[in-house]
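Work through the two exercises below with the sequence and the model open. Each task is followed by its solution in steps.

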Amino acid sequence: MAEKKTGHKVKKILIDVRTPQEIQQFGQHPGSHHYQCDISSDVKECVNKAIKNGVLPEDPKGAPPIVVYCRSGRRAKRVETELKARGFDSIITGSMEEVKEHV
């Protein structure tokens, strides 16, 4: 299971895949990690960065729920597809508003 640098287990991993401009304009859920993954982005590279930075565990077994969001949910769904292909199974996706109850 992923752990914060303090050694505490993470309950959920929040990933915001919107642009910096969208974050500046609309804000961000507290505790979110930003990995811009728009239509021109390589989704595999976005996920690789999150793993390399320790946001996502390398081994998906026992990973905490992952909440991925964007403006409409479309970009989040692209990331969900890649995460599922890598074996992650507890994934919640949607718009910033749609995932609010899971934050």
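**Exercise 1: strand 3 and its neighbours**

In this predicted model, Ile 66, Val 68 and Cys 70 on one side of strand 3 and Val 67 and Tyr 69 on the other are all buried, so both faces of the strand are covered, where buried means under 20% relative accessible area.

Task: State how many residues of strand 3 are buried, then find which strands pair with strand 3 and in what sense.

Solution.
- Step 1. Strand 3 spans residues 66–70, and five of its five residues are buried.
- Step 2. Strand 1 (residues 13–16) runs parallel to strand 3 and is joined to it by four bridges. Within this pairing, Asp 16 lies opposite Tyr 69.
- Step 3. Strand 4 (residues 91–95) also pairs with strand 3 in the parallel sense, over five bridges. Here Val 68 has Thr 93 as its bridge partner.
- Step 4. To get from strand 3 to strand 4, the chain passes through helix 3 (residues 74–85), and this β-α-β crossover is right-handed.

**Exercise 2: the cavity**

Task: Find how many cavities of 30 Å³ or more the structure holds, and classify the residues that line the largest cavity.

Solution.
- Step 1. Searching the whole structure gives one cavity of 30 Å³ or more. The space in the largest cavity is about 50 Å³.
- Step 2. Its lining consists of Ile 15, Val 17, Tyr 35, Cys 46, Val 47, Ala 50, Leu 56 and Val 79.
- Step 3. Sorted by class, the lining of the largest cavity has eight nonpolar residues, no polar and no charged.
- Step 4. Helix 2 (residues 43–52) contributes the most to this lining, with three residues.

Definitions and conventions
Residues numbered from 1 in each chain as written. Predicted model: local features only at pLDDT ≥ 70, side-chain atom pairs only at ≥ 80, totals over all residues. Heavy atoms only, no water. Buried < 20%, exposed > 50% of the residue type's maximum accessible area, 1.4 Å probe, protein only. Helix = DSSP H or I, 4+ residues; strand = E, 2+ residues; numbered from the N terminus. Pairing = 2+ DSSP bridges. Right-handed = clockwise from strand over helix to strand, strands pointing away. 1 Å grid on protein atoms, 1.4 Å probe; cavity = no way out; pocket = protein on both sides within 12 Å on 5 of 7 lines; lining within 4 Å. Points joined across faces, edges and corners; volume = space filled by probe spheres on them. Nonpolar A, V, L, I, M, F, W, Y, C, P; charged D, E, K, R; others polar.
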